[in-house]
Amino acid sequence: MENRIKYLFLTGFCLAQVIAFTPDVFAAENADRDDRPLIESDVQPVPVDEALIDTENFEIGAFAGVLNIEDFESSFVYGGKLTYHLSESFFFEAGIGFAEGGETSFENLAGNAQVLTDGERDYLYYNINLGYNILPGQAFLTENYAFNTNFYLIAGAGSTDFAGDTRFTLNAGAGYQVLLTDSLAIHLGVRQHYYRIDVVGAEKTSMNTEISSGLSVFF
């Protein structure tokens, strides 16, 4: 009986010693563990300076380019635009453009024959459009400097004064905007103008393609 009591006492004492020293053993193992990654990256983030539009919702600008007037040659076109940005995606645009129609193929072949007077060749259009920024992005000039950009679609309606009449006109196109600063941007655009005309033969839909670039200011 006495030996049994000694056996139980020694067993309990040994278990107590094991429990007492076990946390120290694990703590020592954790202290010796190296948590550093095997491969350390040398790439450091580079701050990028980019132009952002602050709170300006209005944009005013001027543009110049080439307008192909169907049957009346291509002409230099210029004008202005006033834009109101409803959100980061949608905007309204009011535009006006000036050009001058050239001579038709018939006039070139006939010599002195004229289809239109000089005054009737003055080309004026004005329209109201709705645009949508479909692909906002960035263009990097250097590794430290980037420009915010927008690729947008635009369409609307208006009128065209040409060939002695005012013609209801639809237009649609696309553009690319680059924000140079938080208040200055450049644009590259292609626009198609549609109206009905019967000056040369039967009435038809005239499709006039405009390619232009411009500069605008936010305010």
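**Notebook: two turns, a strand run and two cavities**

I started with E73, which sits in the loop between strand 2 (58-68) and strand 3 (74-85). I am working from a predicted model, so I read everything here as computed. The phi of E73 is positive, about 65 degrees, and E73 is not a glycine. I looked up its exposure too: E73 counts as partly exposed because its relative accessibility is 41%.

Next I went to A163, another non-glycine with a positive phi, about 60 degrees. A163 lies in the loop between strand 6 (145-162) and strand 7 (165-179). Is A163 buried or exposed? A163 has a relative accessible area of 10%, and the cut-off for buried is under 20%, so A163 is buried.

**Strands 6, 7 and 8**

I then followed the strands on either side of A163. Strand 6 and strand 7 make a hairpin with 2 residues between them, and A163 is in that turn. The two strands run antiparallel and are joined by 15 bridges. As one pair to click on, I noted S159 opposite F168 in strand 7.

Strand 7 carries on into strand 8 (residues 184-197) by a hairpin of 4 residues. How many bridges join strand 7 to strand 8? I found 10, and this pair is antiparallel as well. Here I picked G173, whose bridge partner in strand 8 is R191.

**Cavities**

I checked for enclosed space and got 2 cavities of 30 Å³ or more. The largest holds about 220 Å³. I counted 21 residues in its lining, with E59, K81, E93, Y152 and H187 nearest the centre. Strand 2, strand 3, strand 4 (90-100), strand 8 and strand 9 (204-218) each give two or more residues to that lining. By type, I have 7 nonpolar, 11 polar and 3 charged residues around the largest cavity.

The second largest cavity comes to about 110 Å³. Its lining has 17 residues, and K81, Y125, R191, E210 and S212 are the closest to the centre. I had already met R191 as the bridge partner of G173, and K81 is also on the list for the centre of the largest cavity.

Which strand gives the most to the lining of the second largest cavity? Strand 8 does, with 4 residues. Strand 4, strand 5 (122-142), strand 7 and strand 9 are also among those that supply at least two each. I sorted this lining into 6 nonpolar, 7 polar and 4 charged residues.

How values were computed:
Residues numbered from 1 in each chain as written. Predicted model: local features only at pLDDT ≥ 70, side-chain atom pairs only at ≥ 80, totals over all residues. Heavy atoms only, no water. Buried < 20%, exposed > 50% of the residue type's maximum accessible area, 1.4 Å probe, protein only. Pairing = 2+ DSSP bridges. 1 Å grid on protein atoms, 1.4 Å probe; cavity = no way out; pocket = protein on both sides within 12 Å on 5 of 7 lines; lining within 4 Å. Points joined across faces, edges and corners; volume = space filled by probe spheres on them. Nonpolar A, V, L, I, M, F, W, Y, C, P; charged D, E, K, R; others polar.
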